[in-house]
There are 2 protein chains.
Amino acid sequence: MTQLDDVHTSSDAPKLGRRRDPAKDQQILDAAVEVLAETGFDGMTIDMVASRAGAGKATVYRRWTSKNELVLDAVACMKKGDLDSLAIPDTGTLRGDLVAMIRPPSIHDAERKLKVMAGLASMLSSAPELADAANEAIVEPRARINRMLLTRAIERGEIASDTDIQLISLISPSMVAYRSLILRKPVDREFLITIIDGVILPAVGLGQTAPARP
Amino acid sequence: MTQLDDVHTSSDAPKLGRRRDPAKDQQILDAAVEVLAETGFDGMTIDMVASRAGAGKATVYRRWTSKNELVLDAVACMKKGDLDSLAIPDTGTLRGDLVAMIRPPSIHDAERKLKVMAGLASMLSSAPELADAANEAIVEPRARINRMLLTRAIERGEIASDTDIQLISLISPSMVAYRSLILRKPVDREFLITIIDGVILPAVGLGQTAPARP
DNA sequence: CATATACGAAACTCAACAGTTCCGGATAGC
DNA sequence: GCTATCCGGAACTGTTGAGTTTCGTATATG
């Protein structure tokens, strides 16, 4: 947590007038994420964020000590409103689960996160805190779901118990990120299905059995 | 080509004195690539590049009109000194070829290119010229080799002729880039072998036959 | 040796941006 | 209504870096 409590603590406040609007915090963080995705860390200015949030620059600095702290909180805040809210499907087969994870909100969410990641890429090596926050908010949630689906497939005896879950769970994040960030091609349903059937399932030994399309 | 010819063309030159040193061009471009890999596009200053090349800022601007043009040429120049010089192995099997491509100069080259790519990532969406140059110099050479190895494997009947070469050739670049740029873990020989045996070979139908190690 | 040119270094201009301060207006508690 | 506090806006400071100019020096050509 990097937010300011301002100068006063609750103990010494005498009479009190207008209180700080907590909703504004979230508007500013959301605006920061937007700008971060559009322009990257270096292109982002506090004025952009403030005006997009309908706030003044001073209001931003009343709540965060620096641009770095704001970005850190903004990235961490992407963790919420996450895939956690979307229930993870259980269709009975690994392929069914993987395909069921392809949904418009999920895809859109992933694309925006990748844009933010691209905007932070050059800083990751020099700012470990930021790198950790980005990993926790952007990378890890998706990988965790994949690991869960694979573990479940092992438990139901669908795939071998010595499957390299760490490796397999990174196939789709890697190929999606590469296609989006570096090749700058759209990540659509067709591409994701191609990865599932052409790479992931063969890698876990489910390749030869061409599955029926749902 | 974005370099300057300076003001004069060869036709109107009268007497001529000291001539511009062509070797300096390359020193500046090399320095630019170094700084780009270390600090990214936004962190890179012309003074850094100049002093690392043992040159003055004015010398840089005598040869390139702007920072953008310099970076564009520096990225394009990475294409040379490339894998092209390394002969592409032909070991008789796809796995042998893929493993033979894992070599210190190749790995080191790839890591530096990925650092440059990370430093450019935030610009790619807003600077199409730069994105194209980066693709041509960093992404495409590696993918081209993979496509060649796969095509050869089809020709010798080792893998199916309807193999999705485009998709398979992107597996290792994607997973290497993700591991290096986003996870920031080392890309060592062990990891590359794991990708080959755990993902690529299964995807082309060579999974079950555990190959003898050379 | 004379001239034209390139060189590195340093001083310069100019614009953008991080961060601060001040202001008049709004609003919650008393 | 009084007061403490927050608000958005705008003016301000200080720094950084792109791009330019100047200058004393080095070196090819003739």
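User: Which atom of DNA strand C lies 2.9 Å from a backbone N or O atom of B:Gly54?

Analyst: In this predicted model, the partner of that backbone N or O atom of B:Gly54 is a phosphate oxygen of DNA strand C, at 2.9 Å. To read such a pair, one takes a cut-off of 3.5 Å between N or O atoms, and B:Asp21 also offers an example, since one of its backbone N or O atoms lies 3.4 Å from a phosphate oxygen of the strand.

User: What does the side chain of A:Arg18 approach on DNA strand C?

Analyst: Here the atom on the DNA side is a base nitrogen, which lies 3.4 Å from an N or O atom in the side chain of A:Arg18.

User: How many residues surround DNA strand C, and which are the closest?

Analyst: There are 26 residues around DNA strand C, and the closest are A:Lys57, A:Lys67, B:Gly54, B:Thr59 and B:Arg63. On the side of the strand, sugar and phosphate make up 62% of the atoms that come within 4 Å of the protein.

User: How does the surface near DNA strand C divide by class, and which helix gives the most to it?

Analyst: A surface of this kind can be read by residue class and then by element. By class, eleven residues near DNA strand C are charged, eight are polar and seven are nonpolar. By element, helix H3 (57-63) of chain A and helix H3 (57-63) of chain B each supply at least two residues, and H3(B) gives the most, with four.

User: How many cavities of 30 Å³ or more are counted, and how much space lies in the largest cavity?

Analyst: The count comes to five cavities of 30 Å³ or more, and the largest cavity holds about 560 Å³ of space. Its lining has 32 residues, and those closest to its centre are B:Arg142, B:Asn146, B:Ser172, B:Pro173 and B:Val176. Among the elements that give two or more residues to this lining are helix H9 (171-182) of chain A and helix H7 (128-155) of chain B. By class, the lining has 25 nonpolar, four polar and three charged residues.

User: Which residues lie closest to the centre of the second largest cavity, and which helix gives the most to its lining?

Analyst: The second largest cavity holds about 470 Å³ of space. Of its 27 lining residues, the closest to the centre are A:Ala110, A:Arg142, A:Ser172, A:Pro173 and A:Val176. H6(A) gives the most to this lining, with seven residues, while H9 of chain B is one of the elements that give two or more. The classes here are 21 nonpolar, three polar and three charged residues.

Key. Residues are numbered from 1 along each chain as its sequence is written. Chains are lettered from A and ligands numbered from 1 in the order in which they are written. This is a predicted model: local features need pLDDT of at least 70, side-chain atom pairs count only at pLDDT 80 or more; totals for chains, interfaces and linings use all residues. Side-chain values use heavy atoms; hydrogens and water are left out. A residue is near a molecule or strand if one of its heavy atoms lies within 4 Å of it. A polar contact is a pair of N or O atoms within 3.5 Å; within protein, one must be able to donate a hydrogen and the other to accept it, and residues adjacent in sequence count only if both atoms are side-chain atoms. Ala, Val, Leu, Ile, Met, Phe, Trp, Tyr, Cys and Pro count as nonpolar, Asp, Glu, Lys and Arg as charged, and the others, Gly among them, as polar. On a 1 Å grid over the protein atoms alone, a cavity is a set of points where a 1.4 Å probe fits but cannot get out, and a pocket is an open set with protein on both sides within 12 Å along at least five of seven lines; lining residues have an atom within 4 Å of a point. Grid points are joined across faces, edges and corners, and a volume is the space filled by probe spheres set on the points.
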